[in-house]
Amino acid sequence: MSTGTPATLALEASGVPFTPHVYDHDPRAASFGLEASEKLGIAAERVFKTLMVDVDGELVVAVVPVSG
């Protein structure tokens, strides 16, 4: 059984290739995206948060910069 986020599970189920970038999450972090940017050593303006939602039975994806 796979574990992951709803987004990575959907990618796996659809056969879409992806590469996870893993870091140790600090539960006290105020922002997941900014924490990822810092821990992975990537400028915040180059890190995006992917949101997946179900709207009236249709999957919708939004990609938003974590710096904004």
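Two strands are said to pair if DSSP finds at least two bridges between them. The model shown throughout is predicted, so that local features need pLDDT of at least 70 and side-chain atom pairs count only at pLDDT 80 or more, whereas totals for chains, interfaces and linings use all residues. Residues are numbered from 1 along each chain as its sequence is written, and side-chain values use heavy atoms, with hydrogens and water left out.

**View 1. The protein chain contains two helices and two strands.** Helices (H or I, at least four residues) and strands (E, at least two) are DSSP runs numbered from the N terminus. Read from the N terminus, the order of elements in the protein chain is α-α-β-β. Along the principal axes, the C-alpha atoms of the protein chain occupy a box of roughly 35 × 30 × 20 Å. The protein chain has 68 residues, of which 13% are buried (under 20% relative accessible area; exposed is over 50% and partly exposed in between, with a 1.4 Å probe and protein chains only). Among the contacts (heavy atoms within 4.5 Å) in the protein chain with a separation of 6 or more, those between residues 24 or more positions apart account for 7%.

**View 2. T8 of helix α1 is shown with T5 and P20.** Helix α1 spans residues 6–14, and T8 belongs to this helix. A polar atom of the T8 side chain is placed 2.9 Å from the backbone nitrogen of T5, a polar contact (a pair of N or O atoms within 3.5 Å, one able to donate a hydrogen and the other to accept it). T8 is also shown with P20: the two residues are separated by 12 residues in sequence and, from C-alpha to C-alpha, by 8.5 Å in space.

**View 3. Helix α2 carries the buried residues G33, E35, A36 and S37.** In an α-helix, residues three or four places apart point the same way, because there are 3.6 residues a turn. Residues 32–40 form helix α2, in which E35 is found, and S37 is located in α2 as well. Just after α2, G41 adopts a positive phi of about 70°.

**View 4. E35 makes a side-chain link to the backbone of D26.** Why is E35 buried or exposed by the cut-offs used here? E35 counts as buried because its relative accessible area is 7%. From this residue of helix α2, the side chain reaches the backbone nitrogen of D26 at 2.6 Å. When neighbours within four places in sequence are set aside, the residues in contact with E35 are Y23, D24, H25, D26 and A29. D26 therefore appears both in the polar link at 2.6 Å and in the contact list of E35.

**View 5. The side chain of S37 reaches backbone atoms of I42 and A44.** S37 is buried because its relative accessibility is 8%. Which backbone atom of I42 does the S37 side chain reach? The backbone oxygen of I42 is reached at 2.4 Å. The backbone nitrogen of A44 is reached by the S37 side chain at 3.2 Å. Apart from neighbours within four places in sequence, S37 is in contact with I42, A43, A44 and V47.

**View 6. Strands β1 and β2 pair in the antiparallel sense.** How many bridges join β1 and β2? The pairing extends over eight bridges. Within it, K49 stands opposite V64 of β2. None of the eight residues of β2 is buried, so this strand lies largely in the open. L59 is placed in strand β2, and L59 is exposed because its relative accessible area is 61%.

**View 7. D56 occupies the loop between β1 and β2.** The hairpin formed by β1 and β2 has two residues between the strands. What is the sign of phi at D56, and near what value does it lie? Phi of D56 is positive, near 50°, in a residue other than glycine. D56 counts as exposed because its relative accessibility is 80%. This view of D56 may be set beside View 3, where G41, just after α2, has a positive phi of about 70°.
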